[in-house]
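Student: I should like to discuss the ligand site and one sheet of this model. Please begin with the ligand.

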Amino acid sequence: MDLSTLPDHARPSLSRAPLSESPWFAVEYEPTTHEVVMMDQRRLPGEEVYYRLTTVDHVATGIRDMVVRGAPAIGISAAYGLALLAHRERGDARIFLMANGVAGRALNETRPTAVNLAWAIARMSRKAADVAELHPDERAQAMLAEAEAIHREDVASCRAMGALGAKDVPDGATILTHCNAGALATGGYGTALGVIRAAHAEGKVVRVFADETRPYLQGARLTAWELHADGIPVEVITDNMAGHYFQRGQIQFVVVGSDRIANNGDVANKIGTYGVSVLAKHHNVPFTVAAPWSTIDLRCPSGKEIPIEQRSREEVARVGDKLLVADGIPCPHPAFDVTPAALVGAIYTERGVIRPSEGESPESFLKK
Ligand code: MRU
């Protein structure tokens, strides 16, 4: 199924203040009607519309089809999907745990690279095991409270890493970012865009360059939309213009998000990020990453072990309805790449700053 077949809605007023702390949001839970309210990001910037989802299948479809995207936002969506399931499943503890397990596996299969998805499902499943024996109403309440905690903690993490990252931004900087690591990609505020928002609030940011981010155009469609909505000066450049602006000394700082960070500090992020990091290194510009601790995969030794999602040929061969590549010509589409730790000046997290290019890694940071 495609969620576009469901009725869509203008920006909804929820029965309580959005946990995203913003009038528009990627995903929220409406506790009075038990609906997952999800923006259709595929329709931005032309239309801001939301679906009211009532089944875990709908939520899984929303993640798989990139109605919602961005590593923390898909983790939060999956958590709300499992809260929804807990509300609907009235069976005994064994049946509840079985249903939770089946739903968790289906959600986990939707997108492979962002580890926040598996992390959120594992956390919800631990909660499910703890509360399985409770009355179905109490069990459902506890599952929703856990999903909401994941959401609230993500926003708090974004604000904490934003404040840390802003300290490194030089005064009067033009900042380059790639893809969308903003409020749309998280519980709210954003990771990379959290750093930009905090630095802008301190008066440090003169301008943001948003790479358009071929082929899915998250930079052009989403980053530009959300920064412009906040009154932060943003200009969209095509991905192949970045080198030109580095060469002319017009970029002073780079900050991006991440979908998975390996134990040695290698960083997976949207395809094209690695190229930006090489340019930044050549031009002696800090290349930095902002991500919550839930993006760090301590079980993954290095970037080589990070699974890279392969997406469809169609997303490369077309822009909207426009055919760019004749039928029959292959268009490979790895959706992410890996930037080696040596090129990463800083990883801003809610627990502090890791400096991989100075030999620090998540593993060594934890031993400090
Ligand atoms: O394919 P997407 O749009 O889900 O990819 C998103 C990114 O690569 C983001 O930069 C990343 O998830 C960090 S989000 C805070």
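Student: How far is an oxygen atom of the ligand from an N or O atom in the side chain of Lys 270?

Tutor: This is a predicted model, in which local features need pLDDT of at least 70, side-chain atom pairs count only at pLDDT 80 or more, and totals for chains, interfaces and linings use all residues. Residues are numbered from 1 along each chain as its sequence is written, and side-chain values use heavy atoms, with hydrogens and water left out. A polar contact is a pair of N or O atoms within 3.5 Å. For the side chain of Lys 270, the distance to a ligand oxygen is 2.7 Å.

Student: What share of the ligand's exposed area does the protein bury?

Tutor: Accessible areas come from the Shrake-Rupley method with a 1.4 Å probe. Taken alone, the ligand exposes 410 Å². The share buried by the protein is 99%.

Student: Which residue offers a polar backbone atom 2.9 Å from an oxygen atom of the ligand?

Tutor: The side chain of Arg 69 has an N or O atom 2.9 Å from a ligand oxygen. The backbone contact at 2.9 Å comes from Ala 71.

Student: Why is one side of some strands left without a neighbour in the sheet E1-E2-E3?

Tutor: The 3 strands (DSSP runs of E, at least two residues) form an open, antiparallel sheet; two strands pair if DSSP finds at least two bridges between them. One side of each edge strand lacks a neighbour because each has a single partner strand, and these strands are E1 (27-30) and E3 (50-53).

How values were computed: Helices (H or I, at least four residues) and strands (E, at least two) are DSSP runs, numbered from the N terminus. A polar contact is a pair of N or O atoms within 3.5 Å; within protein, one must be able to donate a hydrogen and the other to accept it, and residues adjacent in sequence count only if both atoms are side-chain atoms.
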